[in-house]
Structures are given as structure tokens and as C-alpha cells.
Amino acid sequence: MSDAYSGRGNKDRSLGPETAPSSADPVKKGGHARPAPDGPFLIGDAMTGGYGKGADILHGCTIAVDPGEIAVIVGPNGAGKSTAMKAVFGMLNLREGAVRLDGEDITDLSPQDRVLKGMGFVPQTHNIFTSMTVEENLEMGAFIREDDIAETMAQVYDLFPILKEKRRQAAGELSGGQRQQVAVGRALMTKPKVLMLDEPTAGVSPIVMDELFDRIIEVARTGIPILMVEQNARQALEIADKGYVLVQGRNAHTGTGKELLADPDVRRSFLGG
Ligand SMILES: Nc1ncnc2c1ncn2[C@@H]1O[C@H](COP(=O)(O)OP(=O)(O)OP(=O)(O)O)[C@@H](O)[C@H]1O
Ligand SMILES: [Mg+2]
């Protein structure tokens, strides 16, 4: 598998950020970013917390991704996969733990500020504006940018040619797989330094799933690290450089995609033998 994808890397940064991430980036509003020791490019480190004043959902959960990598989070329904993604994106107050991006502690930043720092996030549900056209969705994705977005839009259309064809159509009229392309394209419009996808292949056919995975690999090859939750555990681990199995808000198994696929425990409990 590593052979098939060994070309993945930082050869073409066209969809990614133009400049190297800098710790001197201004923090526009919200909390204060603090310098942190170097580690993975993006890490939710030992995160504990839940929704509002409710019970903790995450219990010391750690997920991370590095440039050139696809990291995949799998686990049963209700395991806290989406909650972990939301925590990394700043939609949850952590009681313990930290989130660091490119060595900087961003635990106290709002989601908006994390977007400014280079996070692209595609949530599990409600990830497109159904009454807007495909093109309007992409334009909305670029809301934080003040420069010319035409080139990025052309790159998104290169990646997902069907979206160019349907650019004047309401996104709500598209098929499930095409909607997911709109959602991923929208996130790419910010030129993110890291892309987080929560179940990008939910509800699509196996053929469309393969196609979406191919596009996601293509994005990773442009140098954008990808942290993604997937219900299709086996197929996702096959393309994963790194995998996390979450159970009840905890890290149950961590390893390379290959290691997890070969682990008898993981196979029996999560991959159907
Ligand atoms: N907004 C919310 N407020 C309160 N509790 C929530 C909220 N969202 C999720 N939960 C609870 O948090 C736990 C973890 O849910 P989460 O959505 O993170 O699981 P998941 O692993 O993403 O599941 P799935 O595979 O179904 O997407 C569940 O017990 C769920 O009921
Ligand atoms: Mg979920």
C-alpha cells in the first residue's frame, strides 16, 4: 500500500497555503495563542471534555496528523469521533488537554480563529448550503480571503470536474457524492494548512466512495495533511498512514493503517473479522 501511495508528499502545493506557516501569524480575536513545543503538525492532545455542562464524552483522547499524511479515526457509533473533531476545531470546551497547530497552542481560540490559522473543517452534517448554487457554496468557503479566489476555484473544479459542470445548480439538487465534493471543495477554498473531514463518504455507494478516497489522496499529495473520520473503516485504513480506533471517548488502538488492519483485536471488534 505504501508503494501505491509513495508519491504522496509535498510536490505540488497549489491547493495549500502559499507561505510556510508562521508562529507570528496575528491572532485576530478570541483567546490568546501561546507558543508550544514542536510536535505533530496538528494534535488534539489528551483531550477531556463534553458538551456544555454535560458529562465528559472524551477521556484523554489524542488524535494527530502530520504533513503528507492521511490520519483516519474509526470506531463504533457514539464513540466520540465527531466530538473529537469538534474539539480539535474549537466547538467544545476542553476540561483537560490541548490542541496545537504547527507548534502553537490554539486551545483557547474560537473556530473562526482556527480557520484563520489554517484549519479547514467539513462537519458530518449540514456541510453545504443546499439552496445556494455550487459556485456560491465555493465562494462562501472563501469568505476569509481578501485575495483573488479564481485560481483556487479553478483548482477545485480540476479536482472535481462534475462541480464545474453543475456550478449554476443548487447544491441541494446534487447527488450525495457530489454534495460531499461541494463540502470538501468549500473547505479547500480557504487554502487550508490542514483539512479535517467528518465522514466524507457517508451514504454514498462503494464506487463513489472509492472515487472520493482517490480525490482525498490527491489532496493529501498536494501537501495538505488530512484528518478524517470514516465509517468505512477497512477501506479508510487501507489509505491511512495513521489510524485511531476510538471507543467510548478513549483511544483504544493506534497505529499505521496497515498495523490496525492486521491487528486481530481490531479486526474482530471493528472490521468484522
Ligand atoms: N451536541 C451534543 N450535545 C450533547 N451530547 C452530544 C452532542 N453530540 C453528540 N453527543 C453525544 O456524544 C457522544 C458521542 O457522539 P459523537 O457524535 O461524537 O459520536 P460519533 O463517534 O461521531 O458517532 P457516529 O459514528 O454515529 O457519527 C454520544 O453519546 C452523543 O449522544
Ligand atoms: Mg460522528
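**Figure 1. Leu-246 in strand S10.** Leu-246 lies in strand S10, which spans residues 242–247. The model shown here and in the other views is predicted. Leu-246 counts as buried because 23 other C-beta atoms lie within 10 Å, where 20 or more are required. Leaving aside residues up to four places away in sequence, Leu-246 touches Cys-61, Ile-73, Gly-75, Ala-79, Gly-80, Lys-81, Ala-84, Asn-251 and Ala-252. One of these contacts, Ala-84, is 162 residues from Leu-246 along the chain, and the two C-alpha atoms are separated by 9.4 Å. Ala-84 is also among the residues with the most contacts inside the largest nonpolar core.

**Figure 2. The shell around ligand 1.** The residues around ligand 1 are Tyr-51, Gly-54, Ile-57, Gly-75, Asn-77, Gly-78, Ala-79, Gly-80, Lys-81, Ser-82, Thr-83 and Gln-124. By class, this shell divides into 3 nonpolar, 8 polar and 1 charged residue. Gly-75, Ala-79, Gly-80 and Lys-81 belong to the shell and are also touched by Leu-246 of the preceding view.

**Figure 3. Strand S8 and its pairing with S7 and S9.** S8, residues 194–198, is mostly covered, with 5 of its 5 residues buried. Val-194, Met-196 and Asp-198 point one way from the strand, while Leu-195 and Leu-197 point the other way. S8 pairs in the parallel sense with S7 (residues 119–122) over 4 bridges. S8 also runs parallel to S9, to which 4 bridges join it. Met-196 takes part in both pairings: Phe-121 stands opposite Met-196, and in S9 the bridge partner of Met-196 is Leu-227. For Leu-195, the partner in S9 is Ile-226.

**Figure 4. Strand S9 between S4 and S8.** Strand S9 covers residues 226–229, with Ile-226 and Met-228 pointing one way and Leu-227 and Val-229 the other; all are buried. In addition to its pairing with S8, S9 pairs in the parallel sense with S4 (residues 70–74) over 4 bridges. Leu-227 stands opposite Ala-71 of S4 and is the bridge partner of Met-196 of S8.

**Figure 5. Ile-226 and the largest nonpolar core.** The largest nonpolar core has 70 residues, and Ala-84, Met-196 and Ile-226 are those with the most contacts inside it. Not counting residues up to four places away in sequence, Ile-226 touches Val-65, Ile-70, Leu-195, Leu-197, Ile-216, Val-219 and Ala-220. Among these, Leu-195 and Leu-197 point the same way from S8, and Ile-216, Val-219 and Ala-220 fall in helix H7 (residues 206–221).

**Figure 6. The β-α-β unit and the loop at Thr-222.** S8, helix H7 and S9 make a right-handed β-α-β unit. Thr-222 is found in the loop between H7 and S9. Thr-222 counts as partly exposed because it has 19 C-beta neighbours inside 10 Å, and a buried residue needs 20 or more. Leu-15 is 207 residues from Thr-222 in sequence, yet the C-alpha atoms are 6.6 Å apart in space.

**Figure 7. The chain as a whole, for orientation of the close-ups.** The chain has 10 helices and 11 strands. Of its 273 residues, 42% count as buried. Among contacts with a separation of 6 or more, 71% are between residues 24 or more positions apart.

Conventions. Residues numbered from 1 in each chain as written. Chains lettered and ligands numbered in written order. Predicted model: local features only at pLDDT ≥ 70, side-chain atom pairs only at ≥ 80, totals over all residues. Near = placed C-beta within 6 Å. Nonpolar A, V, L, I, M, F, W, Y, C, P; charged D, E, K, R; others polar. Buried ≥ 20, exposed ≤ 12 C-beta atoms within 10 Å, placed from the backbone. Helix = DSSP H or I, 4+ residues; strand = E, 2+ residues; numbered from the N terminus. Pairing = 2+ DSSP bridges. Right-handed = clockwise from strand over helix to strand, strands pointing away. Core = buried A, V, L, I, M, F, W, Y, C linked by C-beta atoms within 7 Å. Contact = placed C-beta atoms within 7 Å.
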